[in-house]
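Hi there,

Here is the structure I promised to pass on to you. Have a look at it first, and then read my notes below.

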Amino acid sequence: MAAPTADDYGNLNGVDGPSACGTLGYAQVDARSARRVVAVTDNLVPYPACPGEITQDLVDFVVAVPEIGDASQIVSGSTRVTEDPVGLQIAQTAAAVIDASGLLVDGFSFQTGAGGISLAVAKYVGQLMRDKHVQGSFAAGGITGQIVDMLEAGLFRTLFDVQCFDLRAVRSYRDNPAHQGMSASLYANPWNRGAVANRLDTMILGAAEVDLDFNVNVTTRSNGVLMGGSGGHADTACGARLAIVTTRLKAGKYPKIVDSVTTVTTPGSTIDVVVTEAGVAVNPLREELAARLVAAGVNVVPLARLHYLSQTDASPKLRADAADAAADQAKKIVALQQYRDGTVIDVLRQAGSLN
């Protein structure tokens with residue numbers, strides 16, 4: 001594992017050195033589980049390194065190299081608030097859903113992703129908290145500068161951080177005792193004595209696809225090609241009292257509200273609301289929430305309506321016929337999609353030739 005700071009006996013941290021990246025929340029679990037742990041560092045310091053986020057009893061080897069990466073690249077376009085009018089509209093609607101839910105009171109807990117729309121939701125929620133004089137208990141997840149600003153403004157008492165998403169978060173984690181690190185196990189492990197995800201009031205989730213059963217895909221593109229890891233998507237959807245998916249109806253001409261998702265990442269039974277530019281769909285399992293939103297003037301529409309609008313003028317490439325579907329089923333299974341409890345909820349099939 002990359003170690004921004006290490007001593008020769010294997011004590012590691014992510015807050016010091018030229019490649020400082022912040023909390024090592026995921027690496028902590030890897031270090032406890034792996035049979036061999038090799039720390040690669042460009043900042044070898046005298047023993048003992050302090051603080052020691054990962055300690056010497058878990059590390060087998062320390063390798064010093066000239067450079068382990070470019071910390072400036074921690075910042076990316078995905079960690080900036082969207083300026084797109086449609087994205088801002090979706091974010092405002094999502095904030096209105098949170099407000100109408102009745103959860104936005106003292107002690108409110110919150111998590112959002114690092115995408116542009118999600119960060120805009122945090123901005124609007126922060127303004128609501130100021131207007132209502134609400135102080136939240138905590139914000140959690142991968143932390144951005146936007147969430148750090150909310151902590152420093154007194155909108156939350158503390159942060160639980162599993163992964164710093166930008167350099168503002170790295171500095172805050174190093175300097176502010178109220179900005180706490182957490183391991184991936186503390187964050188979302190369903191088998192420990194209590195995961196932080198289980199104490200969330202509201203979670204803002206992204207989606208590559210949502211289907212008519214509220215299932216969400218963030219694992220593969222519509223052609224079946226793997227996009228990347230899902231992070232805490234399924235964990236927080238399950239744990240939060242209000243799980244909100246924000247998505248545009250289309251990505252270009254490709255629909256995002258589909259008959260059936262390519263891969264089920266997060267089961268629809270754990271998704272409460274889907275927010276789009278054309279309205280808000282509420283899971284039929286949450287009738288009381290739908291009533292609250294309607295009473296508050298939120299534009300609540302059936303998910304089938306959003307599906308229809310998403311499919312209108314959609315690219316014909318995504319409209320597979322029965323023969324295509326049969327061919328897909330014949331393709332080799334290359335991976336399994338596991339739920340947070342270890343059960344297999346879907347399979348990933350070979351997307352194309354591997355030659």
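**The chain as a whole**

Of the 355 residues in the protein chain, 48% are buried. Please keep in mind that this is a predicted model. Its secondary structure comes to 10 helices and 20 strands. The C-alpha atoms fill a box of roughly 65 × 60 × 40 Å along the principal axes. How does the radius of gyration fit with a compact globule? The chain has 21 Å, and a compact globule with 355 residues would have a value near 20 Å, so the two agree. Among contacts with a separation of 6 or more, 67% are between residues 24 or more positions apart. The chain exposes about 16700 Å², and carbon and sulfur atoms supply 51% of that area.

**Helix H2**

Now pick out helix H2, which covers residues 85-101. Its 17 residues reach 24 Å from the first C-alpha to the last, close to the 24 Å expected at 1.5 Å a residue. Which residues of H2 are buried? They are Gly-87, Ile-90, Ala-91, Ala-94, Ala-95, Val-97, Ile-98, Ala-100 and Ser-101. Just after the helix comes Gly-102, with a positive phi of about 90 degrees.

**Salt bridges**

The whole structure holds 9 salt bridges. Here are some to find on your screen.

One of them joins Arg-168 to Glu-152, with the closest N and O atoms 2.8 Å apart. Arg-168 sits in helix H5 (residues 167-175) and Glu-152 in helix H4 (residues 145-152), so this pair ties together parts that are 16 residues apart in sequence. Both ends are partly exposed: Arg-168 has a relative accessible area of 28%, and Glu-152 has 48%. These two residues also belong to a network of salt bridges that includes Asp-149.

Another salt bridge is formed by Arg-241 and Asp-201, whose closest N and O atoms are 3.1 Å apart. This pair links distant parts of the chain, 40 residues apart: Arg-241 is in the loop between helix H7 (233-239) and strand E13 (242-246), while Asp-201 is in the loop between helix H6 (184-188) and strand E10 (202-205). Is each partner buried or exposed? Arg-241 is exposed, at 55% relative accessible area, whereas Asp-201 counts as buried, at 9%.

Asp-235 and Arg-340 also meet through their side chains in a salt bridge, at 2.9 Å from N to O. Here the distant parts are 105 residues apart: Asp-235 is in helix H7, and Arg-340 is in the loop between strand E19 (333-338) and strand E20 (344-349). Both Asp-235 and Arg-340 are buried.

**On the surface**

Val-38, Phe-61 and Val-63 make up a nonpolar surface patch, with about 240 Å² of accessible area together. Within this patch, Phe-61 belongs to strand E5 (residues 61-64) and is partly exposed, with a relative accessible area of 49%.

Finally, look for Arg-221, in the loop between strand E12 (216-217) and H7. Arg-221 is partly exposed, at 46% relative accessible area. What does Arg-221 touch, leaving out residues up to four places away in sequence? Its contacts are Leu-226, Met-227 and Thr-262. From Arg-221 to Val-261 is 40 residues in sequence, and 9.6 Å in space from C-alpha to C-alpha.

Enjoy exploring!

Terms used. Residues are numbered from 1 along each chain as its sequence is written. This is a predicted model: local features need pLDDT of at least 70, side-chain atom pairs count only at pLDDT 80 or more; totals for chains, interfaces and linings use all residues. Side-chain values use heavy atoms; hydrogens and water are left out. Helices (H or I, at least four residues) and strands (E, at least two) are DSSP runs, numbered from the N terminus. The expected span of a helix is 1.5 Å times one less than its number of residues. Buried means under 20% relative accessible area, exposed over 50%, partly exposed in between (1.4 Å probe, protein chains only). A salt bridge is a side-chain nitrogen of Lys or Arg within 4 Å of a carboxyl oxygen of Asp or Glu. Patches are made of residues with over 30% relative accessible area and no salt bridge: like charges are joined within 9 Å, nonpolar side chains (Val, Leu, Ile, Met, Phe, Trp, Tyr) within 5 Å. Accessible areas come from the Shrake-Rupley method with a 1.4 Å probe; for residues, only the protein chains shown count as cover. Contact means heavy atoms within 4.5 Å. The radius of gyration is taken over C-alpha atoms; the globule rule is 2.2 Å times the number of residues to the power 0.38.
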